[in-house]
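Trainee: I'd like to learn how to read a few features of a model like this. Can we start with the cysteines?

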Amino acid sequence: MPTGTLISVEEYLATSYRPDCDYVDGHIEERNLGELDHSSLQTAIAVYFGSRQKQLGITVVVEQRVQVSPTRFRIPDVCVVIGKATEQIFRTPPFLCVEILSPEDRMKRVQERIDDYLAMGVPYVWVFDPSTRHVYVATAFAGLHDFKGDVLRTENPALELPLFEIFS
């Protein structure tokens, strides 16, 4: 459990962090990022879906604040929203949240982020480990599991992400 001074939701929302930070029950949590493997994978995923936004009827954003509960805000690496995104801070669950692991990430902390997304109602959470090229998929129905295929898929709507496209 983080220690230190608690800050209010209002103070968090009125403060700019570089890079942006998660807010969890009054505590600021820094996110691990800033390395080439992380950044390259985040860019590849955002470009892949971003170039298909009109065709798929989606909006793709990176590092977007998502209010997962009244006292929690997460910043996924990539979000996919069905239709046009209109909220400055997402309070409606995105269709897909993507997290990209950094070497310092611990699975317990990542699992907490996944649990927050699923509890909010996010149907799909994909977690990528750029160092091993391993992918995990989480849904409310199946929980978190290792992905063993070549193409990540969602349903309703059907989105596909061929792994060779982003790991090349």
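Mentor: Sure. A disulfide is a covalent bond between the sulfur atoms of two cysteines. Here we count a pair of cysteine sulfur atoms within 2.5 Å, and by that rule there are zero disulfides. Before going on, keep in mind that this is a predicted model, where local features need pLDDT of at least 70, side-chain atom pairs count only at pLDDT 80 or more, and totals for chains, interfaces and linings use all residues. Residues are numbered from 1 along each chain as its sequence is written, and side-chain values use heavy atoms, with hydrogens and water left out.

Trainee: Which cysteine sulfur is closest to that of Cys 79?

Mentor: That of Cys 97, at 4.1 Å, which is too far for a bond. Cys 97, in turn, is in no disulfide. As for burial, we call a residue buried under 20% relative accessible area, exposed over 50%, and partly exposed in between (1.4 Å probe, protein chains only). Cys 79 is buried at 1%, and Cys 97 is buried at 0%.

Trainee: Next, the sheet. In what order do the six strands run?

Mentor: First, the terms: helices (H or I, at least four residues) and strands (E, at least two) are DSSP runs, numbered from the N terminus. Two strands pair if DSSP finds at least two bridges between them. In this model the six strands make an open sheet with mixed pairing, ordered E3-E6-E7-E8-E9-E10. Strands E3 (58–62) and E10 (143–146) are at the edges with a single partner strand each, so each has one side without a neighbour in the sheet. On average, neighbouring strands are turned by 15° against each other, direction ignored.

Trainee: How do E7 and E8 pair, parallel or antiparallel?

Mentor: Parallel, over five bridges, with E7 covering residues 96–100 and E8 covering residues 124–129. One bridge to look up sets Leu 96 opposite Tyr 124 in E8. Helix H4 (residues 107–120) packs on this sheet and touches E7, E8, E9 (134–139) and E10; contact here means heavy atoms within 4.5 Å. The direction of H4 makes about 160° with that of E8. For such angles, axes are lines fitted to C-alpha atoms, for helices over the stretch in contact, and the angles run from 0 to 180 degrees between N-to-C directions.

Trainee: And the backbone? Which peptide bonds are cis?

Mentor: The general picture: most residues other than glycine have a negative phi, and most peptide bonds are trans. In this model, the bond from Arg 18 to Pro 19 is cis, with omega near -5°, and Pro 19 sits in the loop between helix H1 (9–14) and strand E1 (22–24). Asn 156 and Pro 157 are also joined by a cis bond, with omega about 10°. Pro 157 belongs to the loop between E11 (151–153) and E12 (160–162).

Trainee: What is the phi of Asn 156?

Mentor: Near 50°, a positive value in a residue other than glycine. Asn 156 is exposed, at 73% relative accessibility. Asp 25 also has a positive phi, about 50°; this residue is in the loop between E1 and E2 (27–29) and is partly exposed at 38%.

Trainee: Last one: what does Leu 163 touch, leaving aside neighbours within four places in sequence?

Mentor: Its contacts are Phe 128, Val 135, Phe 147, Gly 149, Asp 150 and Leu 152. Leu 163 lies in helix H5 (residues 163–166) and is buried, at 10% relative accessibility.
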